[in-house]
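I open my notebook beside the model and write down what I look up, one entry at a time.

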Amino acid sequence: MSNEPGSQPSDNDAAPDGDDTVTLPPERHSLWTDMRTAEDWWAIWCAALLLVFAFGAVWLGRPDGLAESIGMGEPLEVVSPLKAYLSKPGSWEADPLASLDGKLVGIGGVFLVLAVLCGFAMWCRGKSAAAFLAGFPIVFLLATLAYVLAGQSVLKAYNLEYALWALLVGLIISNTIGTPAFLRPAIMTEFFIKTGLVLLGAEVLMSRLLALGLPGVFVAWVVTPIVLVSTYIFGQKVLKIPSRSLNMVISADMSVCGVSAAIATAASCKAKKEELSLAIGMSLSFTVIMMVVLPAIIKATGMSPTLGGAWLGGTIDSTGAVAAAGAVLGDEALEVAATVKMIQNILIGVTAFCVAIYWVTYVERDPSAPRVGASEIWYRFPKFVLGFVAMSILFSVLYSTMTAGPELINAMIKGSTKTLRGWLFCLAFVSIGLETNFKQLLPQLKGGKPLILYVCGQTLNLCLTLLMAYLMFEVVFAPVVEQ
């Protein structure tokens, strides 16, 4: 019996064939080494650094007498000092260059922040920062182009968001002239996604949701897991989709909250880039349809604004599309729809956590191997999920306990971190497009099974959400809702 790395003699070595060995997991780095070199940990460090800097800027720049004015019931407006230096292209009608008017300084500020931060992370991880910086300006320009396209007034009215344009820009390049080799070190899809998701954690504030009541919690937290699990089982047992990861990403995308849930789940189940592209493409396409059709159905059937808003918030994937569809029905529907969607967004981290555990302990486990232990789950668990949860808890505590906490946190999010998160996601979608080839994507559509999965899952989602929304908002909590 050979004494190779990763294996060691078992108690049965005396067997004549000499083949009885116990294969151990590969040698693991220490936690300290992982925290210094692993991509997941650096996503947490970079996002945390951005959040500390952004909150510090708001705190130092807060107006004088803020606490006193809040005590008197007349809070002052708080604006982040970074707002003018971090921005994205604006709206335009006929001239695309109009989207850059007054925005160049802010766009340049985002470029410098992300170039320095990501380059530093690459250097600390032992990778070439110079190679990254050589390709990053081009990737950033492509992301800027995607934002400009999304800002066109007509396209914006149909909620054709930057994610779609970023994917298309990348796909056109990768499937025509091909992605240049010098760009590849700057195509850090996973890193952009994970850093953006940790930033998103600071926006999902638990304390806000405590004041929103139980009806939305039942609609978002009861229906969503049922739909996700049912759709996944349907894909595996009935449709027999070959790729478990594709099945899971589509199920999470459709049931939780669209793009953000898809990219978090894809990282947890190690989905291929083309699988994530397919899920996002279907999500964005159906989102456009639903944001137009559902308000029309609600009006035609005479649903109350409260019930209609809850239905929209629990079924339409994109937060922006939820707001647009709710606004069609009026302010009351918009408020309820946004509330339900906000509650549902909390499940992004929970879903990613549960999927990661399921993947490690069941999907990737060799039935003939020993049961996976807690240490193996820890090693293979996507650490960025911990960052997402930690930021959500931290900023929820600050929001609810600090004097002027709501004003300060809101100013930080609106003035800096939300903008940076959007850019990171946009860069990730451009990167996905640059890494995806249609020849690899088309086999995933064979037989139309992914499309059937999405349509069936969304149909179940629509029916269950409407039923739960009716029970919670019109029956069980009706007296409270009407107040």
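**Entry 1: helix H20**

I began with helix H20, which in this predicted model covers residues 405–435. I wanted to know whether its length fits its residue count, and at 1.5 Å a residue its 31 residues should span 45 Å, while the end C-alpha atoms are 42 Å apart, which agrees. I then followed the helix along its course and noted that H20 bends by about 45° at isoleucine 413. Is H20 largely enclosed or largely open? I found that 25 of the 31 residues of H20 are buried, so the helix is largely enclosed by the rest of the structure.

**Entry 2: salt bridges around lysine 194**

Next I looked for charged pairs, keeping in mind that side chains of opposite charge can pair when their charged atoms come close. I noted three salt bridges in the structure.

In one of them, the side chains of lysine 194 and glutamate 39 meet with N and O 3.2 Å apart. Lysine 194 belongs to helix H8 (residues 189–201) and glutamate 39 to helix H2 (residues 39–60), so this pair ties together parts that lie 155 residues apart in sequence. I checked how open each partner is, and lysine 194 has a relative accessibility of 9%, so I wrote it down as buried, whereas glutamate 39, at 22%, counts as partly exposed.

Lysine 194 also forms a salt bridge with aspartate 40, and here the closest N and O atoms are 2.5 Å apart. This pair again links distant parts of the chain, with lysine 194 in helix H8 and aspartate 40 in helix H2, 154 residues apart. Aspartate 40 has a relative accessible area of 11%, and because buried means under 20%, I list it as buried.

**Entry 3: the pair at arginine 421**

I returned to H20 for another salt bridge, in which arginine 421 pairs with glutamate 203, the closest N and O atoms being 2.7 Å apart. Arginine 421 sits in helix H20 and glutamate 203 in the loop between H8 and helix H9 (206–210), so the pair ties together parts 218 residues apart in sequence. Both partners came out as buried in my notes, with arginine 421 at a relative accessible area of 12% and glutamate 203 at 14%. Which residues are joined into one network by salt bridges that share partners? I found that these are Glu39, Asp40 and Lys194.

**Entry 4: threonine 195**

I moved on to threonine 195, which lies in helix H8. Its relative accessible area is 2%, so threonine 195 is buried. Leaving out residues up to four places away in sequence, I listed what threonine 195 touches, namely Ala43, Cys46, Ala47 and Leu424.

**Entry 5: a patch on the surface**

I then turned to the surface, where Leu467, Tyr470, Leu471, Val475 and Val476 form a nonpolar patch with about 430 Å² of accessible area together. I looked up leucine 471 in particular and placed it in helix H22 (residues 449–476). Leucine 471 is partly exposed, with a relative accessible area of 34%.

**Entry 6: some loop residues**

I looked at glycine 61 in the loop between H2 and helix H3 (66–71), and recorded it as partly exposed at a relative accessible area of 39%. Glycine 61 and valine 78 are 17 residues apart in sequence, and their C-alpha atoms are 8.4 Å apart in space.

Lysine 240 caught my attention with its positive phi of about 55°, although it is not a glycine. I found lysine 240 in the loop between helix H10 (214–238) and helix H11 (244–257), where it is exposed, with a relative accessible area of 54%. Lysine 270 likewise has a positive phi, near 55°, without being a glycine. It lies in the loop between helix H12 (259–269) and helix H13 (273–301), and at 53% relative accessibility lysine 270 counts as exposed.

**Entry 7: the whole chain**

To finish, I looked at the chain as a whole, which holds 23 helices and two strands. Of its 483 residues, 51% count as buried. Among contacts with a separation of 6 or more, 76% join residues 24 or more positions apart. The accessible surface of the chain comes to about 22,100 Å², and 66% of it belongs to carbon and sulfur atoms.

Methods: Residues are numbered from 1 along each chain as its sequence is written. This is a predicted model: local features need pLDDT of at least 70, side-chain atom pairs count only at pLDDT 80 or more; totals for chains, interfaces and linings use all residues. Side-chain values use heavy atoms; hydrogens and water are left out. Helices (H or I, at least four residues) and strands (E, at least two) are DSSP runs, numbered from the N terminus. The expected span of a helix is 1.5 Å times one less than its number of residues. The bend at a residue is the angle between axes fitted to the seven residues ending there and the seven starting there. Buried means under 20% relative accessible area, exposed over 50%, partly exposed in between (1.4 Å probe, protein chains only). A salt bridge is a side-chain nitrogen of Lys or Arg within 4 Å of a carboxyl oxygen of Asp or Glu. Patches are made of residues with over 30% relative accessible area and no salt bridge: like charges are joined within 9 Å, nonpolar side chains (Val, Leu, Ile, Met, Phe, Trp, Tyr) within 5 Å. Accessible areas come from the Shrake-Rupley method with a 1.4 Å probe; for residues, only the protein chains shown count as cover. Contact means heavy atoms within 4.5 Å.
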